Amino acid sequence: MAYQAPRGTYDRLPDESKKWEFIVQTFKRIVEGYGYGELVTPIIEDTELFVRSSGETSDVVSKEMYTFFDRSERSLTLKPEGTAGVVRSFIQHKIGAQGGVHRFWYMTPIFRYDRPQKGRCRQGHQVGLELMGTDSIYSDAEVISITSDFYKALGIKDLTIQMNSIGCLQTRKTYCEALLEHLQSYLISLDDHLQQKIKKNPLRLFDSKDQVVQDKLSTAPSILDFLSVESLSRFKKLEKILSKQGIPFCINSSLVRGLDYYNETVFEVVANNIGAQSSLCGGGRYDSLVKELGGPATPSCGVAMGIERALMVIPDFSEHLDWLDVYFVAATKSAEDTVVELCRKHRDKGVKCNFDLDFKSIKHQMKQADKMGAKEVVIIGDDELEKNIVTIKNMKTGEQRTLLMDEFLSLEMKE
RNA sequence: GCGGGUGUAGCUCAGUGGUUAGAGCACCUCACUGUGGAUGAGGGGGCCGUGGGUUCAACUCCCAUCAUCCGCCCCA
């Protein structure tokens with residue numbers, strides 16, 4: 001094999017693209033229903049932007065970024081996530097200068113230099129949204145409600161949204177101390193990797209799949225008990241709002257997120273049977289990020305959904321792939337010109353149609369029609385030409401009828 | 001970055017240190033000279049991932065490499 005797609009990347013072929021399109025269109029329809037507008041940012045940004053937003057100690061920044069110098073020695077990085085670019089754009093265009101609430105959605109490739117595995121490519125894709133300019137608890141609820149709408153519309157049943165509050169900076173600081181104290185007697189027995197992790201951010205321990213760690217953490221204090229009065233009451237209110245809207249969720253007090261900019265509400269949707277990379281999406285509040293990156297104080301929240309992961313869980317609908325409405329069949333050589341002409345006319349009317357470019361046997365042409373999922377086949381042969389009619393076959397029922405050519409041409413496409 | 005599995009036809013996979021490497025599905029042709037999904041018959045398809053080594057002989061054994069899958073890690 002001469003060339004192949006680089007490690008961790010893949011070609012998306014037409015059948016897959018149909019499903020892909022379905023996911024993106026569904027997302028778009030839902031967010032536009034909430035008044036979100038698309039914000040497209042470049043695929044590359046200054047490296048510094050990601051370092052400052054995701055956090056220098058995060059794994060994403062410390063070892064997974066596609067960073068390079070351009071010909072002018074600028075350090076650039078292929079986006080490893082979607083939020084930073086949106087925030088940068090928000091600040092650059094002074095969108096928040098007059099205050100107010102702003103809603104954006106995006107679809108973007110993301111790049112992480114990581115060992116490929118099921119559900120994890122080096123070039124992945126996300127759709128996501130950012131709701132910026134308010135700390136209203138209803139904004140948390142809106143983002144979660146969109147997330148719920150989205151997966152429901154994709155036909156995914158039994159999804160559960162896991163939710164947690166990691167409070168404010170002070171809460172996390174106090175909590176980490178308590179966590180360390182709880183683990184103290186046992187810290188020395190941990191391996192280097194976990195030691196490092198604890199030093200950098202003890203909260204990340206919750207992500208570990210190590211059974212011993214998990215056991216120890218199961219008796220640890222819950223971060224929810226450390227929340228300030230305000231944080232706790234807004235989290236309670238969020239629960240109430242979601243319950244009222246019938247959105248299923250569960251509280252998972254060990255849910256932490258990998259990027260440093262999150263605070264207060266964080267959430268995730270997890271699938272059960274797609275392997276180790278089981279998060280379908282992740283999101284939460286990031287109230288200080290805009291300010292940290294040099295913009296006006298702009299409390300915000302958002303969510304990002306992995307498209308590849310959604311692909312793994314949506315129901316299979318390869319059965320009803322219909323590429324065409326009509327397939328034209330030339331039964332005899334003399335009908336070929338007519339077929340080409342009719343096809344042209346139907347395309348002008350917006351009908352999805354085609355014909356066999358090689359004009360092989362009728363059987364072959366019928367087979368092609370079947371394969372393309374054509375709803376109807378229009379057959380033209382000597383008989384039809386002579387009587388100035390067309391034969392129309394419904395491919396689903398197998399029924400056949402004839403129409404005068406003029407009638408056929410004046411037909412409007414039904415449905 | 002670490003551990004393990006797998007690379008054979010377009011796809012899913014059998015296979016053996018020894019002539020010419022198989023099956024199912026798919027594809028093409030025919031039975032059916034104007035009709036798809038069904039059946040039957042025939043046919044085309046392979047540097048057995050790549051490079052090296054062991055051997056009289058390697059698709060098979062060994063090493064390396066690339067890719068992929070499953071974990072760890074991390075996350076979408």
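Over the ring of which residue does the charged end of K18 sit? In this predicted model, the ring in question belongs to W323, and the charged end of K18 sits 4.4 Å from the centre of that ring.

1. Overall build. Chain A contains 15 helices and 16 strands. Its radius of gyration is 28 Å, well over the 22 Å that the globule rule gives for 415 residues, so the chain is more spread out than a compact globule. Measured out along the principal axes, the C-alpha trace spans about 95 × 55 × 45 Å.

2. Domains. The domain assignment divides chain A into domain 1, which takes in residues 14-167 + 227-313, and domain 2, which covers 322-409. The C-alpha centres of domain 1 and domain 2 lie 48 Å apart.

3. Surface and contacts. Buried residues make up 48% of the 415 residues in chain A, while the chain exposes about 22,000 Å², of which carbon and sulfur atoms supply 50%. If we consider the contacts with a separation of 6 or more, 70% of them are accounted for by residues 24 or more positions apart.

4. A pair of rings across the sequence. The count of aromatic pairs comes to 10. One of them joins Y175 and F226, which are arranged edge-to-face, with 5.2 Å from centre to centre and 70 degrees between the planes. Because Y175 lies in helix α6 (residues 169-187) and F226 in the loop between α8 (211-218) and α9 (229-244), the pair ties together parts that are 51 residues apart in sequence. As for their surroundings, Y175 counts as buried at 1% relative accessibility, whereas F226, at 26%, counts as partly exposed.

5. A pair of sequence neighbours. The rings of Y261 and Y262 have their centres 4.9 Å apart and their planes at 50 degrees, so this pair is tilted. Y261 counts as buried at 6% relative accessibility, and Y262 counts as buried at 8%.

6. A ring cluster and helix α1. Ring pairs link F27, W105, F150 and Y151 into a cluster. One member of that cluster, F150, is also a contact of T26, which in addition touches A153 and L154 when its neighbours within four places in sequence are left aside. T26 has its place in helix α1 (residues 14-33), and at 3% relative accessibility it counts as buried.

7. A second charge over a ring. Besides the K18 and W323 arrangement, a student looking at the model can find R122 lying over the face of Y113, at 4.0 Å from the ring centre.

8. Helix α3 and a distant partner. V61 is found in helix α3 (residues 59-63), where it is buried, with a relative accessible area of 13%. Not counting residues up to four places away in sequence, V61 touches F50, V51, S54, G55 and E56. V61 and L259 are 198 residues apart in sequence, yet in space the two are 9.4 Å apart, C-alpha to C-alpha.

Definitions and conventions
Residues are numbered from 1 along each chain as its sequence is written. Chains are lettered from A and ligands numbered from 1 in the order in which they are written. This is a predicted model: local features need pLDDT of at least 70, side-chain atom pairs count only at pLDDT 80 or more; totals for chains, interfaces and linings use all residues. Side-chain values use heavy atoms; hydrogens and water are left out. Domain bounds come from an automatic or database domain assignment. Rings of Phe, Tyr and Trp (its six-membered ring) pair if their centres lie within 6.5 Å; planes under 30 degrees apart count as stacked, over 60 as edge-to-face and the rest as tilted. Helices (H or I, at least four residues) and strands (E, at least two) are DSSP runs, numbered from the N terminus. Buried means under 20% relative accessible area, exposed over 50%, partly exposed in between (1.4 Å probe, protein chains only). A charge sits over a ring if NZ of Lys or CZ of Arg is within 6 Å of the ring centre and within 35 degrees of the ring normal. The radius of gyration is taken over C-alpha atoms; the globule rule is 2.2 Å times the number of residues to the power 0.38. Contact means heavy atoms within 4.5 Å. Accessible areas come from the Shrake-Rupley method with a 1.4 Å probe; for residues, only the protein chains shown count as cover.
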